[in-house]
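Let's take a walk through this structure together, starting at the ligand and moving outward to the helices and the loop beyond. Keep the viewer open as you read.

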Amino acid sequence: MEKSKVLIVGATGYLGKRLVKASLALGHETYVLNREEIGVDIEKVQMLLGFKEQGAHLVPGSFNDHQSLVKAVKLVDVVICAISGVHIRSHQILLQLKLVDAIKEAGNVKRFLPSEFGTDPARMGHAMEPGRVTFDDKMVVRRAIEEAGIPFTYVSANCFAGYFLGGLCQPGRILPSKDSVFLLGDGNTKAIYVDEDDIAMYTMKSIDDPRTLNKTLYIGPPKNILSQREVVETWEKLIGKELHKSSISEEQFLASLKGQNYAEQVGLTHYYHVCFEGCLTNFKIGNEGVEASQLYPEIQYTTVDHYMRRYL
Ligand SMILES: NC(=O)c1ccc[n+]([C@@H]2O[C@H](COP(=O)([O-])OP(=O)(O)OC[C@H]3O[C@@H](n4cnc5c(N)ncnc54)[C@H](OP(=O)(O)O)[C@@H]3O)[C@@H](O)[C@H]2O)c1
């Protein structure tokens, strides 16, 4: 089967650059949106030139110029967007409505993968303020895609390993301590951790796959479905030492939200749903979804133990 031509939007981001790498590795003709607003951001410009050196095509465009987006999406079969959606960094999820308009007008795109890559927003109608904004905005984009009749795949990638494993599931931390850890509640709620490079690879594998058309692709590698305690135990084995453990109750955690700034509160609410409520593991995938490690068993995914060795 011929491989789709792909446009990656948000390519210089934390996930975006991995999508470019995976797309090139799988032999897709890869186009990358080169936004004029990047200006003199030398790091981004150098990264884009690096993509070009590796075989990607840079396509000029801007979210402020509808026709430039139409022109860019006309070059490809599949559009993948990894625009920012983490408040402590940047949150531009609704800008994608402009991309949806461009895809609708262009009329040639066989599939669009919007910037999701986290908790399935369709399951978060009950989510707490203010963190629910992430899920609400992602649902606004979904509705626009579906109303426009654009074929899609939504990727629910669960926890990015760098945030959650790096910090032993403690909000506000991304490097594991060799001395102590605080557990969220009893630390026994299961979550799912995925190496960001594996997220990119599973995503790219899905784009030409009829089994993922108009479905949610849940990335749930079975060995990586662990509780916080199990993550801590993995780390303890690697460092050959037990950490001192304290615990924060649900009530204390919720009380700690007050007094934090908005962006931090958004992030804390997400940790609440993942680590106290168990929102990533408290359901069974229905007809609307498929699981990535089952569809693509040939991908040797990175286990939690393997991922954490980098912190030694
Ligand atoms: N599950 C998890 O644990 C988890 C963790 C983190 C993120 N995520 C999700 O993953 C997705 C990507 O997040 P990320 O952290 O990789 O994003 P990011 O690195 O913060 O940003 C990605 C890219 O968005 C583009 N962008 C930023 N501001 C923009 C603006 N004003 N106008 C147009 N483009 C703009 C930039 O790309 P260009 O300059 O190249 O255009 C930027 O490099 C989001 O949906 C997020 O919610 C999930």
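In this predicted model, a polar backbone atom of glycine 85 sits 2.9 Å from an oxygen atom of the ligand. Side chains join in as well: arginine 35 places a polar side-chain atom 2.7 Å from a ligand oxygen, and a polar side-chain atom of serine 115 is likewise 2.7 Å from an oxygen atom of the ligand. Taken on its own, the ligand has 920 Å² of accessible area, and the protein covers 88% of that.

If you zoom out a little, you can count 30 residues around the ligand, the closest being Thr12, Arg35, Lys44, Arg89 and Asn158. Sorted by class, this shell holds 15 nonpolar, 10 polar and 5 charged residues. Which secondary-structure elements each supply at least two residues of the shell? Look for strand S5 (85–86), strand S9 (159–160) and helix H6 (161–164).

Now let's turn to the helix packing. Two packed helices are described by the angle between their axes and the distance between the axes. Start with helix H4 (residues 96–106) and helix H5 (residues 132–147), whose axes come within 10 Å and cross at roughly 10°. An angle under 35 degrees counts as roughly parallel, so H4 and H5 are roughly parallel to each other. On the H4 side, the contact uses Gln96, Leu97 and Val100, while H5 brings Val140, Val141, Ala144 and Ile145. These residues divide into 6 nonpolar, 1 polar and no charged.

H5 has another partner in helix H10 (residues 262–277): here the axes are 8 Å apart and the packing angle is about 80°. H5 is therefore roughly perpendicular to H10. Val133, Thr134 and Phe135 of H5 meet Tyr262, Val266 and His270 of H10. By class, this contact has 4 nonpolar residues, 2 polar ones and no charged ones.

Finally, have a look at the backbone in the loop between strand S7 (111–113) and H5, where proline 130 is found. Is the peptide bond from glutamate 129 to proline 130 cis or trans? This bond is cis, with omega near -5°. The loop between S7 and H5 also contains phenylalanine 117, a residue other than glycine with a positive phi, near 60°. Both features are worth a glance because most residues other than glycine have a negative phi, and most peptide bonds are trans.

Technical notes: Residues numbered from 1 in each chain as written. Predicted model: local features only at pLDDT ≥ 70, side-chain atom pairs only at ≥ 80, totals over all residues. Heavy atoms only, no water. Axes fitted to C-alpha atoms, helices over the stretch in contact; angles between N-to-C directions. Helix = DSSP H or I, 4+ residues; strand = E, 2+ residues; numbered from the N terminus. Parallel < 35°, antiparallel > 145°, perpendicular 65-115°, else oblique. Contact = heavy atoms within 4.5 Å. Nonpolar A, V, L, I, M, F, W, Y, C, P; charged D, E, K, R; others polar. Near = heavy atom within 4 Å. Polar contact = N/O pair within 3.5 Å; in protein donor to acceptor, adjacent residues only side chain to side chain. Areas by Shrake-Rupley, 256 points an atom, 1.4 Å probe, with all protein chains shown as cover.
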